[in-house]
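Reader: Could you take a close look at the helix packing in this one for me? I'd like to go through it pair by pair, with whatever is worth a stop along the way.

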Amino acid sequence: MSTEAAQLDRAVDLIQSGGLVAFPTETVYGLGADATNPEAVQLVYETKQRPAANPLIVHVADIAMAQRVVLDWPDRAQKLAASFWPGPLSFILPKAPSLPGIVAAGGSTVAVRCPDHQLALSLIGTCNLPLVAPSANPSGGISPTTADHVRASFSENDVFVLDGGPCRAGIESTVIDLTQHAPRLLRLGIITPDAIARVLGEPVTDSSSNALSLSNQPLPSPGLLARHYAPKAPAQLFTNNDWPALLQRYAQQHLVVITHDATLTPPTHTATLSITIIRLPGEAMAYARELYTALREADAINPACIAIHKPEPVGEQAPIWSAILDRLTRATTPVEHTGS
Ligand code: TXA
Ligand code: MG
């Protein structure tokens, strides 16, 4: 048996016996468990230290498996699945009564998606079980896009990691709520609101930035907290205008700068400044793919500040830049806005 087949075998055994397996998807690595086993799902919450009010996404191998976890499968879901699955799009639908309540954090709806990754599909298909899989990071932290990122957070005794190499997309799936009168977008991702509206033939409401208003209104999605995807070091966004002031402010401290602007150059005039520049691609898809690795690298330096060059969501790639900016805004939101 090949090493990969042996790894998959072990993963299947673990899932079937209520254990945790981190597996690759096209977006980020997920912390997988049998969605039909409430104890296994509980273990996911405990291992991630995820707030009990934050529901999980159920990962399925195909439309037929999705239909097992939802109460009904509306026409909108059929159209979107036919166009975008397997792929980085999660639907919120009414939950099937047979699915354990803990998956949905006690709510009446469930998120479901079919990931576009052969290893993920083999795992789900071989188990013949829907799998919950939140991003495989401690709650609130940076999502993992390599197997090593997962291993850095969890012991191999607690979480077996299926290594499928680096994730292609690099940021989490688009989340769309199909339980309301009109479809509404809860989380931006690589699949854009326009692409969804085109397939549905109707407008899509964008509720993705609601959590950022820091208002006291109930969140449309409990996981979409103002602060998320966050490094441990203080982090902030900057524009070209802020650049001189930023250098002044951190003149005596270690500053890590993450930029996608190849023309941004470090200063030559301040001898005391200790600055590390991490360069990201100027193309949005490539930027998204490398972002979380860059944030982790920056954090590992333990600087006084991580300053991230703010991308402008303009041009042909504007929707992808918007999804990136959503993550950057949450990653740089101060700690006092951390949700429960
Ligand atoms: O790309 C992805 O979606 C990755 C990979 C592993 O598939 N998973 C992921 O899961 O990002 P997680 O748990 O880190 O994020 C799921 C998001 C959270 O913001 C959660 O609140 C929201 O989806 N969500 C889940 N179920 C929901 C529901 N029933 N209603 C509203 N929001 C829901
Ligand atoms: Mg997450």
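Author: Let's settle the angle words before anything else: under 35 degrees counts as roughly parallel, over 145 as roughly antiparallel, 65 to 115 as roughly perpendicular, and the rest as oblique. Residues are numbered from 1 along each chain as its sequence is written, while chains are lettered from A and ligands numbered from 1 in the order in which they are written. Keep in mind that this is a predicted model, where local features need pLDDT of at least 70, side-chain atom pairs count only at pLDDT 80 or more, and totals for chains, interfaces and linings use all residues, with side-chain values taken from heavy atoms and hydrogens and water left out.

Start with helix H1 (residues 3–16) and helix H5 (residues 118–127) (helices are DSSP runs of H or I, at least four residues, and strands are E runs of at least two, numbered from the N terminus). Their axes come within 10 Å and cross at roughly 50° (axes are lines fitted to C-alpha atoms, for helices over the stretch in contact, with angles from 0 to 180 degrees between N-to-C directions). At that angle, H1 and H5 are therefore oblique to each other. The crossing is right-handed (the near helix is turned clockwise from the far one by less than a right angle; anticlockwise would be left-handed). On the H1 side you'll find Glu4, Leu8, Ala11, Val12, Ile15 and Gln16, and they meet Leu119, Ser122, Leu123, Thr126 and Cys127 of H5 (contact means heavy atoms within 4.5 Å). Sorted by class, the residues of this contact come out as seven nonpolar, three polar and one charged (Ala, Val, Leu, Ile, Met, Phe, Trp, Tyr, Cys and Pro are nonpolar, Asp, Glu, Lys and Arg are charged, and the others, Gly among them, are polar).

Next up is H4 (75–84) with helix H7 (residues 193–200). The H4 and H7 axes come within 9 Å and cross at roughly 120°. That angle makes H4 oblique to H7, and the crossing is right-handed. H4 brings Arg76, Lys79, Leu80, Ser83 and Phe84 to the contact, and H7 answers with Ala195, Ile196, Val199 and Leu200. By class, that is six nonpolar, one polar and two charged residues. Just past H4, in the loop that leads to strand S4 (89–94), sits Pro86. The peptide bond from Trp85 to Pro86 is cis, with omega near -10°. Most residues other than glycine have a negative phi, and most peptide bonds are trans.

For the last pair, go to H9 (284–300) and helix H10 (residues 318–331). Here the axes come within 9 Å and cross at roughly 25°, so H9 and H10 are roughly parallel to each other. The crossing of H9 and H10 is left-handed. H9 supplies Ala284, Met285, Tyr287, Ala288, Leu291 and Tyr292, and H10 supplies Ile320, Trp321, Ile324, Arg327 and Leu328. The contact of H9 with H10 has 10 nonpolar, no polar and one charged residues. Look in the loop between H9 and strand S14 (305–309) and you'll spot Asn302, which has a positive phi of about 55° although it is not a glycine. At 63% relative accessibility, Asn302 counts as exposed (over 50% relative accessible area; buried is under 20%, partly exposed in between, with a 1.4 Å probe and protein chains only).

Now for helix H2 (residues 38–48), where Ala40, Val41, Val44, Tyr45 and Lys48 are buried. They span an arc of only 150° around the axis, which puts them on the same side of H2 (the arc is that of the directions from the helix axis to the C-beta atoms). Strand S2 (30–34) and strand S6 (131–132) are among what covers these buried residues.

The loops at either end of H2 deserve a stop too. Asn37 lies in the loop between S2 and H2, and at 18% relative accessibility it counts as buried. Not counting residues up to four places away in sequence, Asn37 touches Gly18 and Pro100. Gln49 is in the loop between H2 and strand S3 (57–59). Gln49 has a positive phi of about 50° although it is not a glycine, and at 67% relative accessibility Gln49 counts as exposed.

Finish at Val150, found in helix H6 (residues 147–153). With 0% relative accessibility, Val150 counts as buried. Leaving aside neighbours within four places in sequence, Val150 is in contact with Ala22, Tyr29, Ala136, Pro144, Val159 and Val161.
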